[in-house]
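Open the model in your viewer and colour it by secondary structure. The stops below say what to select next and what is there.

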Amino acid sequence: MWMKLLQIGFNRKCAFFARLGVLFRLHMVENGNRNVADYRQVYPVLYRTLTGYGMPENPKEFSGDLVRLGPIHIQRRALHEVFMSALRAEYYDVAIRHLCYILQVYYDYMDRETSDRMLEELAKLVASRDVQHQLSQHISLPQHGLVIPPIQMMRFPKLEKFAVCPLPEHLATTIIRPKLHSDVFIYSPFQCESAPKVTWVQDCACEVAISVINCLPCELSVSNLALLSEGCAFEPIPMRLILPSESGRLIITGYSCEILGVRNVCKLRDLPDRVRSKRFLSSMFDIEILPALPVLELKTSLSRAPISEDDIEPTAEITVYSGQTFEHSVSLVNTSETVAIRNVNLVIRQPKVRGGPCMIEIASTEYVEDNDIIQLRRIEPLERKQIKFRIFGIDPSAMAEDDSQKERNSETEISACDAPSIEETHDRIPFTGRLLTCEFIFHYRADFDGSNGEQYERKCRLPLAVSIVPAVTVAAWHVLPGDGPTTRYVVVDVTNNTEWDAELTYGKDRVIDVQPKEFCRVPLLCKCCSEVASNAFQEAASRASHMMQMQEMERLRQILERHVSWHLDIRWSISSSNLSGSVPVGPLLSSVSLLKQLVVPVISVQASVNGIPFLTDDEVTIGIGEIIELSLSLITPTNDTRSFNGLIQLQCYRDLQNGSFLESNENMIVLNTESVPFRVVQQEEAAEIAVISPADTLSIENDYAPLAASNFSNESVKPVMIRETFHADFQLLFCCEGAHKIRPLITLNDESSKIAPDELFCCALSFNVITKVS
């Protein structure tokens with residue numbers, strides 16, 4: 001009957017009548033004693049009925065919902081009959097295969113009791129076998145003409161993620177391929193950026209990360225989990241891969257493991273579509289295996305400790321007081337025994353400062369520096385090279401100016417006609433907190449090329465955490481006239497932030513003691529810079545773009561910083577704690593408004609009284625009615641080509657010492673002329689009175705001064721001369737006693753070149769007029 005139904009294509013009815021025939025066959029056995037031969041006779045008939053119910057021989061051929069094939073309980077019953085007939089026919093490997101089939105396909109449709117019973121049955125069958133069952137092998141029954149296909153138990157455990165892990169950062173390799181002349185870059189906004197391919201290196205430990213879910217209500221033991229691959233040979237070790245000394249291409253196609261007592265092999269291409277559609281899982285992984293590469297190991301004189309569990313490269317740590325300088329070293333060791341390192345490029349990432357020294361500076365001068373990149377030519381196998389560097393404690397309190405600082409600035413203002421320029425706001429060092437971090441990044445290449453000219457580059461890092469404790473720092477600053485037209489006093493207010501008495505040394509061995517938590521004022525005499533014209537910053541502000549303006553401003557600022565930094569040398573020492581250092585003056589050197597006042601102005605007035613040069617801190621004592629010979633000289637630099645003319649007059653006033661002034665021109669009588677016309681034209685014949693050479697040499701004592709190589713062009717710097725271009729003589733007397741001040745007043749005509757007020761410098765002359773001169 002079932003044969004006729006099969007011939008006309010009624011597969012389900014054919015399967016039903018075949019099962020019914022098997023039932024009759026088993027019940028017709030004499031005495032009801034069914035033996036192994038009986039079940040071996042009916043097993044192939046029952047096995048062939050599975051296709052009648054739409055169930056394929058291989059579970060991976062299932063697609064869609066099982067309900068579409070018919071009632072689930074009928075499918076399970078048919079499969080269970082096949083399993084029981086194989087078991088009673090003593091086809092134990094076949095029975096195990098059918099039982100794994102049921103668990104893989106129909107586990108979600110079972111109740112807890114049924115699934116537990118089948119798992120127990122599987123455990124008994126597996127334990128009764130001397131040889132481990134291999135689910136990936138075919139089972140042949142030649143006496144019945146049957147071949148039982150392999151199955152993949154992807155449900156136990158259920159794979160959710162399968163990802164190839166790249167090498168750690170210090171072992172990861174960048175392949176630098178040679179550029180071809182035919183390469184043309186065409187930009188398209190619709191092009192998609194391809195994810196970088198994972199590359200492994202031979203003789204390096206590599207990993208594959210997987211995420212699995214246990215669907216069973218009990219503990220599931222998964223052992224000997226290993227990868228399946230094609231291509232170059234490798235040694236799969238559970239949880240880790242050790243590549244042998246062979247390069248090429250490696251294709252990972254699946255994985256194998258031992259679960260529930262059987263050996264299971266799964267292919268990635270056979271995973272369900274819902275899993276393979278996820279971006280972190282594909283049908284296979286094609287990995288390029290690179291040849292063995294050298295590894296650069298870093299050793300430093302600083303103590304190192306990991307910050308986190310995943311920190312492969314421990315962080316070096318150090319604590320310094322602001323202004324202290326320490327020298328340390330880092331050693332580079334090529335751990336490879338056969339491969340040399342061709343080039344090593346060092347880049348230092350650290351908090352950027354707008355002025356003053358950097359926190360990290362390289363002290364080794366034998367290495368090549370190119371655009372802030374330090375290069376080492378070659379490191380042979382097992383060779384060690386050392387790089388020395390300095391750590392300078394920058395000022396950690398200079399990042400912001402609080403209200404108390406502004407109040408202190410307002411209280412220290414000097415109310416005078418020659419009042420200082422007080423810095424209310426200035427550029428600040430951009431860092432957060434007092435724990436600053438930086439790192440040394442080494443990029444190095446192996447000393448060989450690939451078959452197509454590729455170069456293999458790796459990088460390693462040395463993180464550095466610097467804890468800076470405030471010591472003696474800058475609180476405020478002012479600029480006052482110096483002892484001549486080309487000098488200025490930079491008055492610096494410094495604060496002792498420590499708990500001990502500090503001793504300050506500045507100038508020519510001048511010493512000041514500062515109490516804890518107190519501040520003092522330090523005057524520093526600085527020579528004006530003649531390399532920058534007085535109107536250079538105005539011209540920079542008129543550049544075409546903001547970027548050009550900022551670049552030119554920074555270029556001028558660095559020239560002035562190079563000139564001024566060695567003048568601002570203040571040393572501090574604390575004998576009770578055996579500490580010493582220098583006051584970090586980065587906030588001063590980052591202030592453009594301060595540095596602009598240290599440029600030689602276009603017009604400076606130099607005065608002499610009765611033939612004696614007048615200094616800014618002098619006070620001339622004269623009697624009432626005594627005739628004074630006052631000579632004024634206009635001094636101009638040769639780097640300014642502007643011409644101008646106007647009048648020179650004298651203005652007399654009294655300083656009331658309360659921030660206000662009282663004009664007193666009636667107390668002064670000019671005997672010859674009250675105003676003198678002048679005209680200044682830049683001429684080479686003018687008499688030279690001083691020559692200022694470029695400040696290319698720095699103070700040896702100032703170890704934190706910037707390098708003198710910051711000349712921003714390859715052109716040689718022309719010497720700038722300061723010369724006298726006009727001279728005027730006045731005869732005057734005072735008709736009233738008291739303290740008087742005279743300021744030269746320069747008035748320019750309209751046809752003169754435009755000159756800003758800060759480009760003129762003339763200090764007031766102080767006179768003490770008395771009734772009787774002894």
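Where is the place of Glu81? Select Glu81, and you are in helix 4; helices (H or I, at least four residues) and strands (E, at least two) are DSSP runs, numbered from the N terminus.

This is a predicted model, in which local features need pLDDT of at least 70 and side-chain atom pairs count only at pLDDT 80 or more, while totals for chains, interfaces and linings use all residues. Residues are numbered from 1 along each chain as its sequence is written, and side-chain values use heavy atoms, with hydrogens and water left out.

**The whole chain**

Show everything before zooming in. The protein chain has twelve helices and 44 strands. Of its 774 residues, 47% are buried; buried means under 20% relative accessible area, exposed over 50%, and partly exposed in between (1.4 Å probe, protein chains only). Among the contacts in the chain with a separation of 6 or more, 77% are between residues 24 or more positions apart, where contact means heavy atoms within 4.5 Å.

**Helix 4**

Select residues 72-88. Helix 4 has 17 residues and spans 24 Å from its first C-alpha to its last, close to the 24 Å expected at 1.5 Å a residue; the expected span is 1.5 Å times one less than the number of residues. Back at Glu81, the relative accessible area is 27%, so this residue is partly exposed. Add Leu46: its C-alpha lies 7.4 Å from that of Glu81, although the two are 35 residues apart along the chain.

Which residues of helix 4 are buried? Select Ile72, Gln75, Ala78, Leu79, Val82, Phe83, Ser85, Ala86 and Leu87. Their cover includes helix 3 (36-48), helix 5 and helix 6 (112-128). Just after helix 4, pick Glu90, which takes a positive phi of about 65°.

**Helix 4 against helix 5**

Add residues 92-106, helix 5. The two helices pack at an angle of about 165°, with their axes 8 Å apart; axes are lines fitted to C-alpha atoms, for helices over the stretch in contact, and angles run from 0 to 180 degrees between N-to-C directions. Helix 4 is therefore roughly antiparallel to helix 5, a label for angles over 145 degrees. On the helix 4 side, the residues that meet helix 5 include Leu79, Val82 and Phe83; their partners in helix 5 include Ala95, Leu99 and Ile102. The residues of this contact divide into 13 nonpolar, three polar and one charged. Here Ala, Val, Leu, Ile, Met, Phe, Trp, Tyr, Cys and Pro count as nonpolar, Asp, Glu, Lys and Arg as charged, and the others, Gly among them, as polar.

**Helix 5 against helix 6**

Now add helix 6. The axes of helix 5 and helix 6 come within 10 Å and cross at roughly 150°, which means that helix 5 is roughly antiparallel to helix 6. Select Tyr92, Ala95, Ile96, Leu99, Cys100, Ile102 and Leu103 in helix 5, which meet Met118, Leu119, Glu121, Leu122, Leu125 and Val126 in helix 6. This contact has twelve nonpolar residues, no polar and one charged.

**A strand stop**

Finish at Val522, in strand 29 (residues 519-527). Val522 has 0% relative accessibility and so counts as buried. Leaving out residues up to four places away in sequence, Val522 touches Val490, Val491, Val492, Val494, Leu504, Tyr506, Ile512 and Ile570. Arg510 is twelve residues from Val522 along the chain, and their C-alpha atoms are separated by 9.9 Å.

Technical notes: Angles under 35 degrees count as roughly parallel, over 145 as roughly antiparallel, 65 to 115 as roughly perpendicular and the rest as oblique.
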